[in-house]
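Subject: Structure for you to look over

Dear colleague,

I am passing on the structure we spoke about, and I would be grateful if you could read the notes below with the model open beside you.

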Amino acid sequence: MASSSLSVVLLLLCLAAAASAQMSPTFYDASCPGALATIKSSVAAAVSSDPRMAASLLRLHFHDCFVQGCDASVLLAGNERNAFGNVGSLRGFDVIDKIKSNVEQACKRTVSCADILAVAARDSVVAVGGPSWTVSLGRRDSDTASETLANRDLPAPSLSVTDLITRFAAKGLNHTDMVALSGAHTIGQAQCKNFRTRLYSEENIDPALATSRKATCPQLTGSGDSNLAPLDDTTPDMFDNAYFVNLKLNKGLLHSDQVLYTLAGGATEDIIDGFASNQDAFNNAFAAAMVKMGNISPLIFPQGQVRRICSRAN
Ligand code: HEM
Ligand SMILES: *[C@@H]1O[C@H](CO)[C@@H](O)[C@H](O)[C@H]1NC(C)=O
């Protein structure tokens, strides 16, 4: 146990170092020594008053990193926030604003919004029982965001396995990373409009799950569109491997979840079997993939800026 978690930590440090030589886990140790503790306690408070917030903060970091890299572009008012997958769906902006203002009080214009997102995602996963990992720091914030790039790069729940693989490969993430990261759907919720088609026209869905979800997700487009259901029917607020066990039982909520098991043509089934039968295997792969995702095209000094307020450029 101790030696296997040590080797995971060492592996993650190596990956982080290789991905971006100028980032470091100790980046703020001298300039803002309280930063990480402030983020951690702010996340813990937000998650204890709203357990779903862990999921929402994790998703914010994912949607940030997939669009022009992890540069906090997702937080800028307008633009990306209006993209298909984001508008009326992303949440947690107020929590990030609060964390940022807490951090600013201690150290002015020092800690980037992009780093706050990366650390808050990690602390969120830990707060709901998931694995921890070392976050490399030193990302800087963009002064632009793009709705067009967000619509191009964020995966939609209607995608096929082939298209999902393509989207992740375009960001340097392999099959294992993609399946592990999809395991983020072990927490959080989705709106009826994002799984209606699956309930009413797909074969590879557990009949009892379909019946119970239909009760709050009527077939008629426009009725109950924003009604929520848990992505993981078994343990909706706990970060565990139940998502993968559910996929094997045809209990994935989104089309893009279930296709990873039943329509993948051999590409990802074995990975899911491995995660469904071994919680540690999932935890280790998730942590490794989060480090990779968090290192997608960061802006490194002298590029970018440290925003004063996360929702607008300086
Ligand atoms: C594989 C491609 C993916 C697709 C197609 C996808 C799609 C979606 C959709 C449609 C929702 C529900 C949004 C809503 O109804 O408002 C959702 C929620 C969520 N996604 Fe994904 N997602 C993917 C991968 C990921 C990844 C890689 C992560 C993080 C590492 C992630 C984290 C989450 C979380 C935590 C939620 C719940 C958010 C909340 O409750 O506020 N997803 N996703
Ligand atoms: C995918 O990347 C992970 C690291 O995130 C690595 O451990 C694994 O070997 C890679 N898998 C393949 C098939 O390249």
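What follows is a short account of the pocket, the ligands and the cavity.

Please bear in mind throughout that this is a predicted model.

**The largest pocket**

The largest pocket holds about 1,000 Å³ of space, and its lining is made up of 43 residues. If you want to centre your view on this pocket, the residues that lie nearest its centre are Arg59, Phe62, His63, His185 and Leu254. Several elements supply at least two residues each to the lining, namely helices H3 (53-65), H6 (147-153), H7 (161-169), H8 (175-182), H12 (255-262) and H14 (279-294), together with strand E1 (189-191). Of the contributors to this lining, H3 gives the most, with six residues. Sorted by class, the pocket lining has 25 nonpolar residues, 13 polar residues and five charged residues. Because domain 1 (2-154) and domain 2 (161-290) both give residues to the lining, the largest pocket lies between the two domains.

**Ligand 1**

Ligand 1 sits in this largest pocket. The shell around ligand 1 has 24 residues, of which Arg52, Ser56, Ser89, His185 and Gln191 come nearest. Three of these side chains deserve a look in turn, beginning with Arg52, which has a polar side-chain atom 2.7 Å from an oxygen atom of ligand 1. In the side chain of Ser56, an N or O atom is likewise placed 2.7 Å from an oxygen atom of the ligand. For His185, the partner is a nitrogen atom of ligand 1, which is 2.9 Å from an N or O atom of the histidine side chain; His185 is also among the residues nearest the centre of the pocket.

Turning to secondary structure, H3, H7, H8 and E1 each supply at least two residues of the shell around ligand 1, and H3 gives the most to that shell, with four residues. The shell comprises 12 nonpolar, nine polar and three charged residues. Since domain 1 (2-154) and domain 2 (161-290) both give residues to the shell, ligand 1 lies between them.

**Ligand 2**

Which residues are found around ligand 2? They are Asn174, Thr176, Asp177 and Lys292. A polar side-chain atom of Asn174 lies 2.4 Å from an oxygen atom of ligand 2, and a polar side-chain atom of Asp177 lies 2.6 Å from an oxygen atom of this ligand. For Lys292, an N or O atom of the side chain is 2.8 Å from an oxygen atom of ligand 2.

**The cavity**

Searching the whole structure gives one cavity of 30 Å³ or more, and the largest cavity holds about 70 Å³ of space. The residues that line this cavity are His61, Ala118, Trp133, Thr134, Val135, Ser136, Arg139, Met290, Val291, Gly294 and Asn295. Here H14 gives the most to the lining, with three residues, whereas in the largest pocket that place is taken by H3. By class, the cavity lining has five nonpolar residues, five polar residues and one charged residue.

With best wishes

Terms used: Residues are numbered from 1 along each chain as its sequence is written. Chains are lettered from A and ligands numbered from 1 in the order in which they are written. This is a predicted model: local features need pLDDT of at least 70, side-chain atom pairs count only at pLDDT 80 or more; totals for chains, interfaces and linings use all residues. Side-chain values use heavy atoms; hydrogens and water are left out. On a 1 Å grid over the protein atoms alone, a cavity is a set of points where a 1.4 Å probe fits but cannot get out, and a pocket is an open set with protein on both sides within 12 Å along at least five of seven lines; lining residues have an atom within 4 Å of a point. Grid points are joined across faces, edges and corners, and a volume is the space filled by probe spheres set on the points. Ala, Val, Leu, Ile, Met, Phe, Trp, Tyr, Cys and Pro count as nonpolar, Asp, Glu, Lys and Arg as charged, and the others, Gly among them, as polar. Domain bounds come from an automatic or database domain assignment. A residue is near a molecule or strand if one of its heavy atoms lies within 4 Å of it. A polar contact is a pair of N or O atoms within 3.5 Å; within protein, one must be able to donate a hydrogen and the other to accept it, and residues adjacent in sequence count only if both atoms are side-chain atoms. A molecule sits in a cavity or pocket if more than half of its atoms lie within 2 Å of its grid points.
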